Amino acid sequence: PRSHPLQERRRTRRAALPGDDFVATTSVYDYEGSQEALWTSFALFAVSLPGVISTVNRAGQPKYVEKYYVMPGEGNGGMDIKSTAGGIVAWFKNKNYAMEDSPEPGKVRFVGNMQASTSQALFLIAVVAGALFAIGIVLSAFYPNGFFDLGANSLFLPMLISPYAGWYYWGRAFRKDIIELSLEADEGDKENTMTLLGDETTIESMAVGIRFKSVAGQIFQLVEKDMEVVDGLLGDFGREETLVFEARAPAKATEKRT
């Protein structure tokens, strides 16, 4: 039977719709966009991939540093050196650290047992899973039919190994944590200086996790030498509870009456 002219025009318009030939794309070389942009994106991703590997490798392992912290001393309206030392000891004991003698004279040693963090393990799993998902997206431009023509979803099968990142961290996170500390006051007790050697994360947690309250009621914080304290955008959100150590007023001498 003879077709109506209107039906022929509809078929002609349908055949001319843009994008109908997109289904013919079978490889990256048929990509209709900018080849330079595609290969640049791939190169940037390849450069950033080692950062993911480094994040997994460094998780749970100590980074040993030596840091210096200062605080106003008793002669400057601050804390006496004995109260400062007492606050530091209180913080470490609150974290189940044991105090030991250090092989170096003039220093004390705090020894604790680090435990693995479930949230950290889940974070690493998510990071690796996201990286492998991104790899699948990139490879889909090169292999639209997947590995060995198994389908596009086969490019995302490597995501199944992402839990290994959490298991790898968990096996390395349990370790001893050792902090070496020395404390001294300058002439005239104007400033107390604390030297700490140990894991950077532990040292920084201690510095932000403790406050000192003087006899006059002023609150002081340990400040890294030649640095200034700048509050973050989120303030204290997500930070552990802060320990406030109060200095004791000096005992008054009592007069004996006969």
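Which side chain does Glu104 meet in a salt bridge? In this predicted model, the partner is Lys107, with N and O 3.4 Å apart. Glu104 itself is partly exposed, at a relative accessible area of 42%.

That contact belongs to a wider set: searching the whole structure turns up seven salt bridges. One of them pairs Glu224 with Lys67 through their side chains, at 3.3 Å from N to O. Here the two partners come from well-separated stretches of the chain, since Glu224 sits in strand β8 (residues 223-224) and Lys67 in strand β1 (residues 64-72), so the bridge ties together parts that are 157 residues apart in sequence. The two ends also differ in how they meet the solvent probe: Lys67 is buried, with a relative accessible area of 10%, whereas Glu224 is partly exposed at 28%. The pair does not stand alone, as Lys67, Glu204 and Glu224 are linked in a network of salt bridges.

Arg175 and Asp177 make another bridge, and their closest N and O atoms are 3.5 Å apart. Both ends of this one are tucked away. Asp177 has a relative accessible area of 0% and is buried, while Arg175, at 17%, counts as buried because the cut-off for that class is under 20%.

Turning to the aromatic side chains, the whole structure holds seven aromatic pairs. Among them is the pair of Tyr164 and Trp167, whose ring centres are 5.4 Å apart and whose planes are at 35°, which makes the pair tilted. Both residues belong to helix α5 (residues 163-173), where they are three residues apart and so separated by about one helical turn. Trp167 is exposed, with a relative accessible area of 59%. Elsewhere, ring pairs join Trp91, Phe92, Tyr97 and Phe110 into a cluster.

Aromatic residues also turn up in a nonpolar patch on the surface. Phe147, Phe148 and Leu150 make up this patch, and together they have about 390 Å² of accessible area. Phe148 is found in the loop between α4 (118-142) and α5, and with a relative accessible area of 77% it is exposed. The helix on one side of that loop, α5, is the one that carries the tilted pair of Tyr164 and Trp167.

How values were computed
Residues numbered from 1 in each chain as written. Predicted model: local features only at pLDDT ≥ 70, side-chain atom pairs only at ≥ 80, totals over all residues. Heavy atoms only, no water. Phe/Tyr/Trp six-rings, centres within 6.5 Å; stacked < 30°, edge-to-face > 60°. Helix = DSSP H or I, 4+ residues; strand = E, 2+ residues; numbered from the N terminus. Buried < 20%, exposed > 50% of the residue type's maximum accessible area, 1.4 Å probe, protein only. Patch = residues over 30% accessible without salt bridge, like charges linked within 9 Å, V, L, I, M, F, W, Y side chains within 5 Å. Areas by Shrake-Rupley, 256 points an atom, 1.4 Å probe, with all protein chains shown as cover. Salt bridge = Lys/Arg side-chain N within 4 Å of Asp/Glu carboxyl O.
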